[in-house]
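Visitor: I would like to learn how to read a protein structure that holds a ligand. Could you take me through one, feature by feature?

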Amino acid sequence: MAIQKVGVVGCGLMGSGIAQVSAQAGFPTVVREVSPEIVDKGLRSIDKNLARLVEKAIINEAQKNEIRGRLKGTTALEDLKGCDVIVEAIIEQLPAKRELFGALDALCPASTIFASNTSSLTITEIATATKRPQRFVGLHFFNPVPVMKLVEVVRTIATDPAVYEEMVAFGTKLGKTPVRAHDSTGFIVNRLLVPYLLDAIRALEEGVGSIEDIDNSMKLGCGHPMGPLTLLDFVGLDTTYYIANIMFDEFRERRFASPPLLKRMVLAGWNGRKAGRGFYDYSDPQKPKAMKF
Ligand code: 3HC
């Protein structure tokens, strides 16, 4: 079965990015959110990204309009009925995801493939909310979705191999490089990234270096686009804390244990760039200033 129409549930940072790359890849795409205001906000951010691509002459005005024409925003779950694959990118909470997929399962034909963009929950546990765990995969994208080239395609012990191969091919059609991962908490990227980010906080706690020096070390010494503390602010400290706790629960290994400073920053609401404050102060977003603790 070839994928012809794509559904995306969630039009936040990740969902709008997934919807954008899907429409750019030529798929008619329906993106669903809970309120018209959130649908509009997501579509506005896509418009901004597409306008930037026109400015840079990567696409022309006509292509922009074609891409935009393939995108439909909705608040009705029923509008996803005719989609061949539905990618979920809603809040990172198991009960919400299970409830959503239970409802989609009742709504969609048996042939529809379901995918979750979860970064840390167990795909198997989400899939068992449906009667089609064999047609269920993880498709884990990276922020910012239109820019980052990777998608992790995650199979569970129940995923049908033919469905899995179709989703690997779908990842390529979206313009991403798919990597194959088993349904192990954190998959490949977060298995490696989370301990690295937590170690950067531990290095700061232990006085090994300043915020700027830790970041510059990895930027200039290892060629990373962002230092780890800047990346933590970018991903969100609350998000990282949440993922780390799930990984620690699963593996019981110190490398996944949240450092006390991370917990305290999350408790204080210093969640990074989106909160205006994390390891850096973003009062002037163009010139973030390292915090003093
Ligand atoms: N949407 C669309 N395009 C964007 C964008 C966004 N949100 N942010 C940046 N861009 C584009 C810019 O338009 C620019 O395009 P151009 O080069 O063609 O003009 C390009 O990306 C570079 O942007 P900037 O010049 O503004 O800034 P940088 O060169 O610093 O790049 C970055 C920004 C791409 C975010 C880069 O710093 C980077 O790659 N950082 C690391 C990001 C990363 O590691 N992401 C993964 C996080 S982990 C995750 O998502 C998994 C989860 O489970 C935790």
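Guide: We will look at the domains, then the ligand, then two details of the backbone. This is a predicted model, in which local features need pLDDT of at least 70 and side-chain atom pairs count only at pLDDT 80 or more, while totals for chains, interfaces and linings use all residues. Residues are numbered from 1 along each chain as its sequence is written, and side-chain values use heavy atoms, with hydrogens and water left out.

Visitor: Into which domains is the protein divided?

Guide: Domain bounds come from an automatic or database domain assignment, and here they give domain 1 (6-182) and domain 2 (190-290). The centres of the two, taken over C-alpha atoms, are 27 Å apart.

Visitor: How many residues of domain 1 are in contact with domain 2?

Guide: Contact means heavy atoms within 4.5 Å, and by that rule 8 residues of domain 1 are in contact with 5 residues of domain 2. Buried area is the accessible area (1.4 Å probe) that two parts lose on being put together, summed over both; for these domains it is about 560 Å², with 54% of it on carbon and sulfur atoms. Of the area that domain 1 buries against domain 2, Ser-119, Ser-120 and Asn-143 supply 57%, more than any other three residues.

Visitor: Where does the ligand lie with respect to the domains?

Guide: The ligand lies between domain 1 and domain 2, because both give residues to the shell around it. A residue counts as near when one of its heavy atoms lies within 4 Å, and of the 17 residues around the ligand, Arg-52, Lys-56, Ser-119, His-140 and Asn-143 come nearest.

Visitor: Which side chains have polar atoms by the ligand's oxygen atoms?

Guide: A polar contact is a pair of N or O atoms within 3.5 Å. A polar side-chain atom of Arg-52 lies 3.0 Å from a ligand oxygen atom, one of His-140 also lies 3.0 Å from a ligand oxygen atom, and for an N or O atom in the side chain of Asn-190 the distance is 3.1 Å. The ligand taken alone exposes 1,000 Å², of which the protein buries 60% (Shrake-Rupley method, 1.4 Å probe).

Visitor: What is unusual in the backbone?

Guide: Most residues other than glycine have a negative phi, and most peptide bonds are trans. Here the peptide bond from Asn-143 to Pro-144 is cis, with omega near 0°, and Phe-187, a residue other than glycine, has a positive phi near 50°.

How values were computed: Polar contact = N/O pair within 3.5 Å; in protein donor to acceptor, adjacent residues only side chain to side chain.
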